[in-house]
Amino acid sequence: MPTPQGPELSLLPAHTAPPGFRAVDEPRPGENWREAFTAMWPAYRAFWLKEGESARPDLSTCRSMLDTWMPELGPTFERLVELTGGDPLAARFLTMYRPPGFVVGCSQAAFAGDGGPVLVRNYDYPPSRMEGIVYRTSWTGRRVIGMSDCLWGLLDGVNDAGLAASLTFGGRPAVGDGFGIPLVIRYVLEVCEDVEAACGVLAKVPIHAVQNVTLLDRGGDFATVRLGPDREPEVLTVPVATNHQHRGDWPEYERTVGTFERERRLLELLRTPGMTGDRLVRAFLEEPLYRDGLASGFGTLYTAVYFPATGQAEYRWPDDVMMTQSFEEAKERQ
């Protein structure tokens with residue numbers, strides 16, 4: 001499947017490690033994180049500098065913005081910079097303030113019925129650009145499980161307060177001042193206990209590109225928040241998100257990724273009488289939600305299943321392949 005490219009949007013960098021997934025239990029950043037940084041930093045460095053160093057904000061600006069908008073992450077940020085050997089360029093990157101624009105796919109749905117509450121998502125992307133690390137952390141004192149991206153951000157995850165969150169690209173090529181969404185997902189799960197609090201944070205923290213975030217908490221409350229650097233946030237009581245915000249924002253992209261087709265399928269599933277969490281998860285492993293395009297370099301890399309009421313996380317693939325993680329039991333595996 002071709003990957004649409006906007007004038008200022010691209011894929012995140014390819015990593016040198018072979019594609020795969022592993023679960024890591026590291027309450028505080030340590031050797032596991034350092035090893036991941038060492039392996040992935042050359043690719044992320046090239047990504048950060050692809051428009052020239054002057055196109056990225058200086059360290060003082062980056063740190064000031066992080067302290068202004070996400071101060072609770074400050075001590076963890078300092079620890080991570082220490083693990084990089086004090087690299088000032090890496091420090092700028094780790095703030096994720098005004099990075100180059102990037103595009104991802106994705107479908108996601110929150111379900112509060114039989115077998116829920118459960119947040120299910122498919123992540124569609126080239127396998128060479130996947131970190132593939134499921135981290136169980138306690139960086140700010142709150143335990144979080146999620147799929148790593150940009151070295152300390154998250155694509156999706158759940159916390160021990162009973163809140164789950166997941167992101168999708170919002171389908172417009174606009175970029176501007178703000179933070180890369182993976183770090184904001186991390187922040188939401190570090191500081192928020194429920195959907196209401198998470199919506200409040202997402203409505204305030206500036207985002208550098210167009211994104212959708214779907215939220216679900218242990219009480220079954222859900223929301224999808226549409227974000228972008230050029231429009232006011234929209235907080236919607238909607239349980240699904242694919243890769244658009246308003247019809248016609250980017251017609252070429254909409255057609256290429258089948259965003260409306262996938263949205264229709266999600267809504268059909270949620271309206272189906274007798275729908276259960278397990279049936280919903282199985283549907284994510286089938287077309288049109290599951291995109292078997294890896295031979296062409298772009299397809300569904302994993303299906304994440306989060307249970308906010310129990311703190312369990314599952315990562316699934318076809319043929320009944322599954323990796324699990326929970327707050328009650330740490331499992332380091334590959």
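## A tour around C199 and two helices

Start by selecting C199: with a relative accessibility of 11%, C199 is buried (under 20% relative accessible area, where over 50% is exposed and in between is partly exposed; 1.4 Å probe, protein chains only). You are looking at a predicted model, where local features need pLDDT of at least 70 and side-chain atom pairs count only at pLDDT 80 or more, while totals for chains, interfaces and linings use all residues. Residues are numbered from 1 along each chain as its sequence is written, and side-chain values use heavy atoms, without hydrogens and water.

Next, add C192, which is buried too, at a relative accessible area of 2%. Draw a distance between the two sulfurs: C192 is the closest cysteine to C199 by sulfur position, but the 9.1 Å separation is too far for a bond. The structure holds zero disulfides (cysteine sulfur pairs within 2.5 Å).

Now select residues 181-191 for helix α5 and residues 195-202 for helix α6 (DSSP runs of H or I, at least four residues, numbered from the N terminus). How are α5 and α6 packed? Their axes lie 10 Å apart, at an angle of about 140° (lines fitted to C-alpha atoms over the stretch in contact; angles run from 0 to 180 degrees between N-to-C directions). That angle makes α5 oblique to α6 (neither under 35, over 145, nor 65 to 115 degrees).

To see the contact (heavy atoms within 4.5 Å), show V184, Y187, V188 and V191 on α5, then A198, V201 and L202 on α6. Colour these residues by type: seven are nonpolar, with no polar and no charged ones (Ala, Val, Leu and Tyr are among those counted as nonpolar).

Note on methods:
Helix = DSSP H or I, 4+ residues; strand = E, 2+ residues; numbered from the N terminus.
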